Amino acid sequence: MGSISLHAQRVRRVEEAFASLPTRYLGAEPGFDATFQVRLGDVGRTWEVRARGEHCAVRPSPVREPDVVVGTDAATWLGLREGRLSGLDAFAQRRLYARGNLDLALGFEGLFRLPGDRPPLLRVTEVETPNATISSLISGQGPKQVICLHGLGSNKTSFFETIATLTPDHTVHAIDLPGFGSSSKPARGSYDASYFARSVLGYMDAMAIERAHLVGNSMGGRVAIELALNEPDRAETLSLLAPVLAFRRRRQLVPLVKLVRPELAAIPHPLRAAQVRERFWSLFAQPERLDPATADIAADEFCRTYRSRAARVAFFAAARNIYLDPPDGERGLWTRLSGLSTPALFIWGDHDHLVPAAFSRHVADVLPQARQVVLTECGHVPQVELPERANGLIREQVESSRGSQAAPARARALLRRAVVQRADDARRRVAL
């Protein structure tokens with residue numbers, strides 16, 4: 001009888017949490033309409049939550065085809081609703097899964113205030129910049145601002161565990177670069193390092209971020225370097241995970257690649273999820289370290305985005321520009337890299353087949369002051385494959401900086417208030 005009574009109490013608490021959602025709903029942009037299906041396996045129940053503009057409705061049994069399916073257990077669901085943990089914490093602990101539009105899944109948490117009229121722990125916003133509309137996942141309210149930049153073909157979801165490591169002590173922004181994820185995909189975007197760096201600066205300006213710690217994986221690492229080279233006062237530190245640096249070898253195809261226009265990718269062509277999954281697993285030295293469902297989620301998200309003509313063009317334009325990035329000469333990356341003044345940490349994987357750890361020797365030649373770490377039995381995405389080690393190094397790099405402490409306390413306070421106000425304003429344009 002005791003176990004039945006405890007089960008009944010748990011179900012009642014869950015029902016009360018769902019019933020409170022309409023009164024805690026923060027609203028969304030006009031025209032927004034999304035249906036979430038929340039499955040609690042341990043109590044054997046499924047609820048439907050539909051958010052439309054300023055209205056939210058909850059049903060104890062689904063009637064609509066969901067845009068997102070979220071699966072978890074009753075204890076985790078109550079922890080999320082009470083603000084004792086975030087969705088990223090639950091995901092990192094393998095206590096929650098999501099299928100469907102991942103941006104919608106991420107944004108669900110940010111649609112509802114927490115008990116005591118507290119703001120949500122996570123928020124997904126759309127930020128207008130001169131280059132593009134940028135989708136961003138923001139977590140934490142710490143004084144130091146951290147911006148995470150993903151690699152080619154990826155999006156902000158590749159930094160889930162990095163965000164969980166750095167919050168709540170820091171405010172972390174994981175953004176979709178223009179052309180990727182849920183950010184806009186301008187037809188005239190050049191999609192090279194300079195273009196992406198300007199876009200990140202535009203995001204920082206829009207969010208009133210004076211200086212930020214930049215964390216970049218692969219292509220995102222190259223973008224972080226470009227921003228620091230062009231605007232050193234805006235970059236506090238760099239944490240570069242297998243950054244794509246200009247190749248000095250195998251450049252015999254440069255003349256041919258220059259002739260191949262990325263607009264050709266606009267022509268529809270087949271892409272199977274199985275191909276994407278195979279490519280995804282090749283990024284890791286030991287794929288068995290990851291949850292098998294991770295590849296399915298990544299493949300589904302990539303295929304969903306890749307159906308867009310604009311997304312295909314952006315992907316191929318960015319890939320083309322990575323290969324064409326000049327290594328030498330006045331504007332060559334290796335020539336310019338010697339002038340990098342921002343404290344930089346390079347993290348390499350010794351089993352990375354895309355950006356070999358041998359690049360560390362070239363970095364040491366032109367940037368001897370930079371800290372470099374080669375992770376053993378690690379591939380191209382260290383923050384995902386070895387999250388404790390890689391994200392611990394990132395945290396050390398962020399916290400090693402004294403730049404934020406050097407600013408006057410009043411200026412820092414004003415900046416934090418501006419960031420919070422901008423985030424609150426942007427919440428009304430939730431893209432989820």
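Q: A helix here is a DSSP run of H or I at least four residues long, with numbering from the N terminus. Which helix of this predicted model holds both R222 and E226?
A: The side chains of R222 and E226 meet in a salt bridge, N to O, at 2.8 Å. The two residues are 4 apart and therefore separated by about one helical turn. The helix that holds them spans residues 219–230 and is α8.

Q: Is R222 buried or exposed?
A: The cut-off for buried is under 20% relative accessible area. R222 has a relative accessible area of 6%, so this residue counts as buried.

Q: What is the relative accessibility of E226, the partner of R222?
A: E226 falls in the buried class, which means that its value has to be under 20%. For E226 the computed relative accessibility is 3%.

Q: How many residues apart are E226 and R336?
A: The side chains of E226 and R336 also meet in a salt bridge, 3.0 Å from N to O. This pair links distant parts of the chain, with E226 in helix α8 and R336 in helix α13 (residues 333–337). R336 is buried, at 13% relative accessible area. Along the chain, the separation of E226 and R336 is 110 residues.

Q: Which residues are linked with E226 in a network of salt bridges?
A: E226 meets R222 in one salt bridge and R336 in another. The network also includes D325. Linked with E226 are thus R222, D325 and R336.

Q: Where does the salt bridge of R395 and E399 lie?
A: R395 and E399 meet through their side chains at 3.1 Å, N to O. They are 4 residues apart, about one turn of the helix. E399 is partly exposed, with a relative accessible area of 42%. Both residues lie in helix α16, residues 387–399.

Q: How many salt bridges does the count come to?
A: Side chains of opposite charge can pair when their charged atoms come close. The rule takes a side-chain nitrogen of Lys or Arg within 4 Å of a carboxyl oxygen of Asp or Glu. By this rule, the count is 17.

Q: Which strands stand at the edges of the sheet ordered β3-β2-β1-β4-β5?
A: This is an open sheet of 5 strands with mixed pairing. An edge strand has a single partner strand, so one side of it is left without a neighbour in the sheet. Those strands, at residues 55–59 and 97–100, are β3 and β5.

Q: In β3, what is the bridge partner of E48?
A: Strands of a sheet pair through backbone hydrogen bonds, either parallel or antiparallel. Strand β2 (residues 45–52) and β3 pair in the antiparallel sense, over 5 bridges. For E48, the bridge partner in β3 is R59.

Q: How many of the residues of strand β10 are buried?
A: Strand β10 covers residues 212–217. On one side A212, L214 and G216 are buried, and on the other H213, V215 and N217 are buried too. The count of buried residues in β10 is 6 of 6.

Q: Which handedness has the β-α-β crossover from β10 to β11?
A: On one hand, β10 pairs with strand β8 (residues 145–149) in the parallel sense over 4 bridges, and L149 has G216 as its bridge partner in β10. On the other, β10 and strand β11 (residues 235–241) pair in the parallel sense over 5 bridges, with L241 in β11 as the bridge partner of N217. The chain crosses from β10 through α8 to β11, and this crossover is right-handed.

How values were computed
Residues are numbered from 1 along each chain as its sequence is written. This is a predicted model: local features need pLDDT of at least 70, side-chain atom pairs count only at pLDDT 80 or more; totals for chains, interfaces and linings use all residues. Side-chain values use heavy atoms; hydrogens and water are left out. Buried means under 20% relative accessible area, exposed over 50%, partly exposed in between (1.4 Å probe, protein chains only). Two strands pair if DSSP finds at least two bridges between them. A crossover is right-handed if, with the strands pointing away from the viewer, the path from the first strand over the helix to the second runs clockwise.
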